[in-house]
Amino acid sequence: MAHVLVVEDDQFVRSALIRHLTDAAHAVRSVGTALAALREVAQVGFDVVILDLGLPDLDGAEALKMLRGITDVPVIIATARDDEGEIVRLLNAGADDYLVKPFSVDHLSARMAAVLRRARATAPGGDGAGEEVVRVGGLAIDPLRRAAELDGARLDLTRREFDLLCFLARRPGVVVPRRELLAQVWQQSYGDDQTIDVHLSWLRRKLGETAASPRYLHTLRGVGVKLEPPGGAG
């Protein structure tokens, strides 16, 4: 069972989501505005938030940004907007996944299950508990504390950026296929390469590098991605 917050101003859609999620044995709370969602998240420990973009008081993208300022709870965007640029901006802002309306309840269930599996696997006391700090060059990644440093300076990473960095750091110098990244980091058997590219781009920026001038993250076109220390050794 998961504790779910539904943020949706359309009463019909909200009722349908509540009914479906309750039938699936989840504990559900719902609100119709962004400000109400922020209050709920600040007071209650949710496992996942389903966030509509077309809210009456604040654009959902701005609400997502504000949510990320106070919590790293997984957020699934539910939107009628299918513009690729908008989707990229949402992923950049910290969304864990997105669904374009209309979507089936089965589709929502599958996406929720994937997001929750990943969140639980990386939470303290989960699969990462008890692991030692992973070091690659000047990078130090602590799976238990979910903290990462570069040359002694703390990196401000989103949940997904940390998961991606940690997964690659555990395999230094190994080219990881994109399909494996989708399966292991995103818990999806299929998906859009753009999702990986967006997160790699933001992770590179935080590592102080670019795709054209990589230091740690190297992309082999058509093959995959690898992380190795500058110079390929150390």
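**Exercise 1. Work out what surrounds helix 4 and what sits at its ends.**

Start just past the end: helix 4 is followed by G94, a residue with a positive phi, near 115°. Helices here are DSSP runs of H or I with at least four residues, strands are E runs of at least two, and both are numbered from the N terminus. Before going on, note that this is a predicted model, where local features need pLDDT of at least 70, side-chain atom pairs count only at pLDDT 80 or more, and totals for chains, interfaces and linings use all residues. Residues are numbered from 1 along each chain as its sequence is written, and side-chain values use heavy atoms, with hydrogens and water left out.

Now go to the other end. D83 caps the N-terminal end of helix 4, with a side-chain oxygen 3.1 Å from the backbone nitrogen of G85.

Next, look for the buried residues (under 20% relative accessible area; exposed is over 50%, partly exposed in between; 1.4 Å probe, protein chains only). In helix 4 these are E86, I87, V88, L90 and L91. Their cover includes helix 3 (60-68), strand 4 (75-79), strand 5 (97-100) and helix 8 (193-206).

**Exercise 2. Describe how domain 1 and domain 2 meet.**

Set the bounds: domain 1 runs over 2-122 and domain 2 over 134-227, as given by an automatic or database domain assignment. Their C-alpha centres lie 25 Å apart. The contact (heavy atoms within 4.5 Å) takes 15 residues from domain 1 and 15 residues from domain 2.

How much area do domain 1 and domain 2 bury between them? About 1500 Å², with 42% of it on carbon and sulfur atoms. Buried area here is the accessible area (1.4 Å probe) that two parts lose on being put together, summed over both.

Then check the charges. There is one salt bridge between the two domains, a salt bridge being a side-chain nitrogen of Lys or Arg within 4 Å of a carboxyl oxygen of Asp or Glu. R160 forms a salt bridge with D96, and the closest N and O atoms are 3.8 Å apart.

Which elements of domain 1 do the touching? Helix 4 (84-92) and helix 5 (105-122) each supply at least two residues of the side that touches domain 2. Helix 5 gives the largest share of that side, six residues.

**Exercise 3. Place A114 and find what it touches.**

A114 sits in helix 5. Is A114 buried or exposed? It's buried, with a relative accessible area of 5%. Leaving aside neighbours within four places in sequence, A114 is in contact with W186 and Q187. A114 also lies 9.7 Å from A183, C-alpha to C-alpha, although the two are 69 residues apart in sequence.

**Exercise 4. Explain why helix 6 counts as largely enclosed, then follow one of its residues to a strand.**

Go through helix 6 (residues 159-169): eleven of the eleven residues are buried, so the helix is largely enclosed by the rest of the structure. Among them are R160, F162 and D163.

Now pick F162 and cross over to D142, which is found in strand 7 (residues 139-142). D142 counts as buried too, at 12% relative accessibility. Not counting residues up to four places away in sequence, D142 touches F162, along with V133 and A147.

Conventions:
Polar contact = N/O pair within 3.5 Å; in protein donor to acceptor, adjacent residues only side chain to side chain.
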